[in-house]
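Open the model in your viewer and keep the selection box at hand. The tour goes stop by stop: select, look, move on.

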Amino acid sequence: NTNVPELIWHNGKVRPWAEATVHVTTETAMRAVNVFEGLRAYRQPDGRLAIVRLTAHLERLETSAALMHIPHPGLAAELHDGITQLLAALDPQGDVYVRPSVYVDTGRYTAERTEMTTGTIVTCFPAPVRPMEPMRCIVSSRRRIADDALPTAAKTGAAYSGFRLARLEALEKGADEAILLNQHGNVAETGGAAVFAVRHGRITTPPLTDGILASITRATVLALAERLGIPAAEQPLTPGDLHGADEVFVTGTLDEVRIVGQVNGHSPRHGDHPIGSALREEYLAMCAGTRPALDASFLAVIA
Ligand code: PMP
């Protein structure tokens, strides 16, 4: 692949991409015993680069590591340094997507936990081109793995084999993305975003107790809705709620706020997506630093 970045941060140092290797038999390679985060950094009007909700992402990474029993003391500080060092070395021109990860390198399972070693990486890619057209979704036949099987609050590679199959099903059916239900048949999330429905001017998104990742963008959008005076609720949603919604949109670091134009072939009633579009515009402007941030920790200026 010629499309890989030149540099990666691995175990404390910025290195050439090809030098960051693990053995094929490691727990991370064989069983996806790892945790990771996805962050975005946006160029600000003054030319500096700022990361959205850096502290919240590093805290979620710590939570993920604890839930998955991947001990790595001081990981937040270490990966904060990793992110800063990699961005300084790459000095990217535009917006970027940044992915820190902690993985199990040598040793395995609980009995040998004391002998387990972990590794850390940070990768950085140019932000993908922002799609402008509404996304077509299906409700997947595959359910989101439940908290009693694998902690839903952990962002671990292990969960993404299920999301991958759901995404492949969506692509197979001519859609762009899959919405997964939870074990009770209520809407959970996509493999990369929280789901929102709009009805009669009010936005609704499933509660965290419905078995979803605690999406940081979801929390931001709920706060933005409050700022804009849009009524919002965290309440279970059924597939029927999505079929009959005035609007549907998703929120995530990569998707930002993305308008959904179809769910199982049902188009939202309000084809111009006024509320989703307003939240999208506000979110993007806040990330770009052209609208006041929600609070002082929203953007962390890096370089
Ligand atoms: N759900 C899943 C399964 C995800 O992987 C992501 C992306 N991290 C999200 C939701 C959205 O979370 P966030 O807004 O924190 O990026």
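A residue counts as buried here if 20 or more other C-beta atoms lie within 10 Å of its own, as exposed if 12 or fewer do, and as partly exposed in between. Keep in mind throughout that this is a predicted model.

**Stop 1: helix α4**

Select residues 160–172, which make up helix α4. The helix has 13 residues and reaches 18 Å from its first C-alpha to its last, close to the 18 Å expected at 1.5 Å a residue. Now colour Ala166, Arg167 and Ala170: these are buried. Look down the axis of α4: the buried residues fall within an arc of 100 degrees, so they line one face of the helix. Turn to the face away from that buried side, and you meet the exposed residues Ser161 and Glu172. What do the buried residues of α4 pack against? Show β8 (135–139) and β9 (177–181): these are the partners. Step just past the helix to Gly174, which takes a positive phi of about 80 degrees.

**Stop 2: Arg143**

Go back along the chain to the loop between β8 and α4, where Arg143 lies. Is Arg143 buried, exposed or partly exposed? It counts as partly exposed, because it has 16 C-beta neighbours inside 10 Å. Leaving aside residues up to four places away in sequence, Arg143 touches Leu180, Leu181, Asn182 and Gln183. For a distance check, pick Ile203 as well: Arg143 and Ile203 are 60 residues apart in sequence and 23 Å apart in space, C-alpha to C-alpha.

**Stop 3: the ligand**

Centre on the ligand. 15 residues surround it, and the closest are Ser215, Ile216, Thr217, Gly252 and Thr253. Two or more residues of this shell come from each of α5 (216–228) and β14 (247–252). Which element gives the most to the shell? It is α5, with 3 residues. Colour the shell by residue class: 4 are nonpolar, 8 polar and 3 charged.

**Stop 4: helix α7**

Select residues 274–287, helix α7. At 1.5 Å a residue, its 14 residues should span 20 Å, and the end C-alpha atoms are 20 Å apart, which agrees. Gly276, Leu279, Met286 and Cys287 are buried in α7. Viewed down the axis of α7, these buried residues stay within an arc of 100 degrees, so they line one face of the helix. On the face turned away from the buried side, find the exposed residues Glu281 and Ala285.

Next, show what covers the buried residues of α7. The cover includes β4 (39–43), β5 (49–52), β11 (194–199), α5, β14 and β15 (256–263). Thus α5 and β14, which you met around the ligand, turn up again over α7. After α7, stop at Gly289, whose phi is positive, near 80 degrees.

**Stop 5: strands β4, β5, β6 and β16**

Select β4 and β5. They form a hairpin with 5 residues between them. In its turn, Gly47 has a positive phi of about 90 degrees. The two strands run antiparallel and are joined by 3 bridges. Tyr42 stands opposite Ala50, and Ala41 stands opposite Ile51.

Show the side chains of β5. In a regular strand the side chains alternate between the two faces of the sheet. Leu49 and Ile51 point one way from β5, Ala50 and Val52 the other way, and all are buried.

Add β16, residues 299–301. It runs antiparallel to β5, with 3 bridges between them. The bridge partner of Ile51 in β16 is Ala300. Return to β4 and add β6, residues 96–106: this pair is also antiparallel, over 3 bridges. Leu39 stands opposite Val98 there.

**Stop 6: two loop residues with positive phi**

Most residues other than glycine have a negative phi, and most peptide bonds are trans. Select Asp91, a residue other than glycine whose phi is positive, near 45 degrees. Its place is in the loop between α3 (75–90) and β6. Asp91 is exposed, with 8 other C-beta atoms within 10 Å.

Finish at Asn264, in the loop between β15 and α7. Asn264 is not a glycine, yet its phi is positive, about 50 degrees. With 14 C-beta neighbours inside 10 Å, Asn264 counts as partly exposed.

How values were computed. Residues numbered from 1 in each chain as written. Predicted model: local features only at pLDDT ≥ 70, side-chain atom pairs only at ≥ 80, totals over all residues. Near = placed C-beta within 6 Å. Helix = DSSP H or I, 4+ residues; strand = E, 2+ residues; numbered from the N terminus. Nonpolar A, V, L, I, M, F, W, Y, C, P; charged D, E, K, R; others polar. Expected span 1.5 Å × (residues − 1). Arc of directions from axis to C-beta. Contact = placed C-beta atoms within 7 Å. Pairing = 2+ DSSP bridges.
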